[in-house]
Amino acid sequence: MPNAYVIEVYNRTAGIVTADERGFSFFSSERAFDSLEGQSFASAREAERAARALVTTGGRRRRGAI
């Protein structure tokens, strides 16, 4: 099983997530996704959802959103 995944949102590379003991850590590859830098997620899919939320909300994460 791979331990790193590229996260793409609407044909933009948001960053990568790497598996570690806490889950999946996010590493931003574009300034628009820097607010996710270093955050841990339970899965790569959750990290993708968080990146997608940043794009669809104009860069503001919704309160309570992952």
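In the predicted model, E48 is in contact with I7, E8 and V9, leaving aside residues up to four places away in sequence. E48 belongs to helix α1, which spans residues 44-56. With a relative accessible area of 18%, E48 is buried, because the cut-off for that class is under 20%.

One aromatic pair was counted. The ring centres of Y5 and F24 are 6.0 Å apart and the ring planes stand at 55 degrees, so the pair is classed as tilted. The centre distance satisfies the pairing limit of 6.5 Å, and planes have to be over 60 degrees apart to count as edge-to-face. Y5 is located in strand β1 (residues 4-9) and F24 in strand β3 (residues 23-28); the pair therefore ties together parts that are 19 residues apart in sequence. The two partners were assigned to separate burial classes: Y5 is partly exposed, at a relative accessible area of 28%, whereas F24 is buried, at 13%.

Strand β3 also holds F27. For F27 the relative accessible area is 39%, which places this residue in the partly exposed class. Together with V6 and I16, F27 makes a nonpolar surface patch of about 260 Å². The value for F27 meets the patch criterion, because residues with over 30% relative accessible area are admitted.

A further contact of an aromatic ring involves a charged group. The charged end of R52 is positioned over the ring of Y10, at 5.0 Å from the ring centre.

Technical notes: Residues are numbered from 1 along each chain as its sequence is written. This is a predicted model: local features need pLDDT of at least 70, side-chain atom pairs count only at pLDDT 80 or more; totals for chains, interfaces and linings use all residues. Side-chain values use heavy atoms; hydrogens and water are left out. Rings of Phe, Tyr and Trp (its six-membered ring) pair if their centres lie within 6.5 Å; planes under 30 degrees apart count as stacked, over 60 as edge-to-face and the rest as tilted. Helices (H or I, at least four residues) and strands (E, at least two) are DSSP runs, numbered from the N terminus. Buried means under 20% relative accessible area, exposed over 50%, partly exposed in between (1.4 Å probe, protein chains only). A charge sits over a ring if NZ of Lys or CZ of Arg is within 6 Å of the ring centre and within 35 degrees of the ring normal. Patches are made of residues with over 30% relative accessible area and no salt bridge: like charges are joined within 9 Å, nonpolar side chains (Val, Leu, Ile, Met, Phe, Trp, Tyr) within 5 Å. Accessible areas come from the Shrake-Rupley method with a 1.4 Å probe; for residues, only the protein chains shown count as cover. A salt bridge is a side-chain nitrogen of Lys or Arg within 4 Å of a carboxyl oxygen of Asp or Glu. Contact means heavy atoms within 4.5 Å.
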